[in-house]
Amino acid sequence: MPDTVFVLNGPNLNLLGLREPAIYGSTTLADVEAMVGAAATRLGLAVDFRQTNHEGVLVDWIHEARTAAAGIVINPGAYTHTSIALHDAIKAVGLPLIEVHISNIFARESFRHHSYVSPVAAGVLCGFGPHGYVLGLEALARIVATRNATPTS
Ligand code: CA2
């Protein structure tokens, strides 16, 4: 059975490709899901791809991942910059997590420069556009493969 990875998307990412193409491009979230699905097949992973506009739903999904997934790729959207609840949930489940942002958050407004997620992430990708999700999945696949190969006592 392939390891399952959750790919979670936060608020407003359902509008990807439909609004603000100058910042976020013309790729839709359905396109991203297809790109991630193809990468997962290549990497021998199963992917559960989801989007919500609600902070508590993201928290619930992170909890769900504890028993259902080997790791998480997440674009928390604006909750990146505000959510101690996401920070606490990620820390509590202890799964490897890659934080992805489509835009380069450090080239934007100063309120986007701080992330509550980054301190509890295994790694962070930003500014690579939708390809960042594929890079994030590749990074997570490597972490999961290493963990699977490491014997526990
Ligand atoms: O660059 C990213 O991926 C972000 O996580 C996107 C968030 C933003 O709040 C973060 O600072 C950086 C916003 C997602 C909103 O997506 C939209 C897409 C199209 C049109 C409007 C919003």
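**Exercise 1. Work out how covered Glu 20 is, and what its backbone is doing.**

Step 1: start with accessibility. Glu 20 has 49% relative accessibility, so it counts as partly exposed. The cut-offs are under 20% relative accessible area for buried, over 50% for exposed and partly exposed in between, with a 1.4 Å probe and protein chains only.

Step 2: place the residue. Glu 20 is in the loop between E1 and H1. Those labels come from DSSP runs numbered from the N terminus: helices are H or I with at least four residues, strands are E with at least two.

Step 3: look at the backbone. Glu 20 isn't a glycine, yet its phi is positive, near 50°.

Before going on, a word on what you're looking at. This is a predicted model, where local features need pLDDT of at least 70 and side-chain atom pairs count only at pLDDT 80 or more, while totals for chains, interfaces and linings use all residues. Residues are numbered from 1 along each chain as its sequence is written, and side-chain values use heavy atoms, with hydrogens and water left out.

**Exercise 2. Do the same for Asn 12: is it buried or exposed?**

Step 1: find it. Asn 12 belongs to the loop between E1 and helix H1 (21-24).

Step 2: check the cover. Its relative accessibility is 52%, so Asn 12 counts as exposed.

Step 3: check phi. Asn 12 is another non-glycine residue with a positive value, about 75°.

**Exercise 3. Sketch the overall layout of the protein chain.**

Step 1: count the elements. You should get 5 helices and 5 strands.

Step 2: put them in order. Reading from the N terminus, the chain goes β-α-α-β-α-β-α-β-β-α. The radius of gyration is 15 Å, close to the 15 Å of the globule rule for 153 residues, so the chain is as compact as a globular protein of that length. The radius is taken over C-alpha atoms, and the rule is 2.2 Å times the number of residues to the power 0.38.

Step 3: add the dimensions. The C-alpha trace spans about 50 × 30 × 25 Å along its principal axes.

Step 4: look at cover and contacts. Of the 153 residues, 44% count as buried. Take contacts (heavy atoms within 4.5 Å) between residues at least 6 apart in sequence: 77% of them join residues at least 24 apart.

**Exercise 4. Find out which strands pair with E1, and follow Phe 6 across to them.**

Step 1: check how covered E1 is. This strand takes in residues 4-9, and 5 of its 6 residues are buried.

Step 2: go to E2. Pairing needs at least two DSSP bridges between two strands. E1 and E2 (residues 46-51) are parallel and share 6 bridges. Phe 6 has Asp 48 as its bridge partner there.

Step 3: go to E3. E1 also runs parallel to E3 (residues 71-75), with 5 bridges between them. In E3, Phe 6 is partnered by Ile 72.

Step 4: look above the ring. Arg 50 lies over the face of Phe 6, 4.6 Å from the ring centre. The charged end of Arg 50 also sits over the ring of Trp 61, at 5.2 Å from its centre. The test asks for NZ of Lys or CZ of Arg within 6 Å of the ring centre and within 35 degrees of the ring normal.

**Exercise 5. Compare the surroundings of Val 5 and Gly 71.**

Step 1: take Val 5, which lies in strand E1. It has 0% relative accessibility, so it counts as buried. Leaving out residues up to four places away in sequence, its contacts include Val 47, Asp 48, Leu 137 and Gly 71. Val 5 and Val 144 are 139 residues apart along the chain, with their C-alpha atoms 9.5 Å apart.

Step 2: take Gly 71, in strand E3. Gly 71 is buried too, at 0% relative accessibility. With the same sequence neighbours left out, it touches Thr 4, Val 5, Phe 6, Leu 95, Pro 96 and Leu 140. From Gly 71 to Pro 96, 25 residues along, the C-alpha separation is 5.0 Å.

**Exercise 6. Where does Arg 108 sit, and which residues does it contact?**

Step 1: locate it. Arg 108 is in the loop between strand E4 (97-101) and strand E5 (123-126).

Step 2: list its contacts. Setting aside neighbours within four places in sequence, these are Ile 23, Tyr 24, Ser 103 and His 113.

Step 3: compare with Arg 142. The two are 34 residues apart in sequence and 30 Å apart in space, C-alpha to C-alpha.
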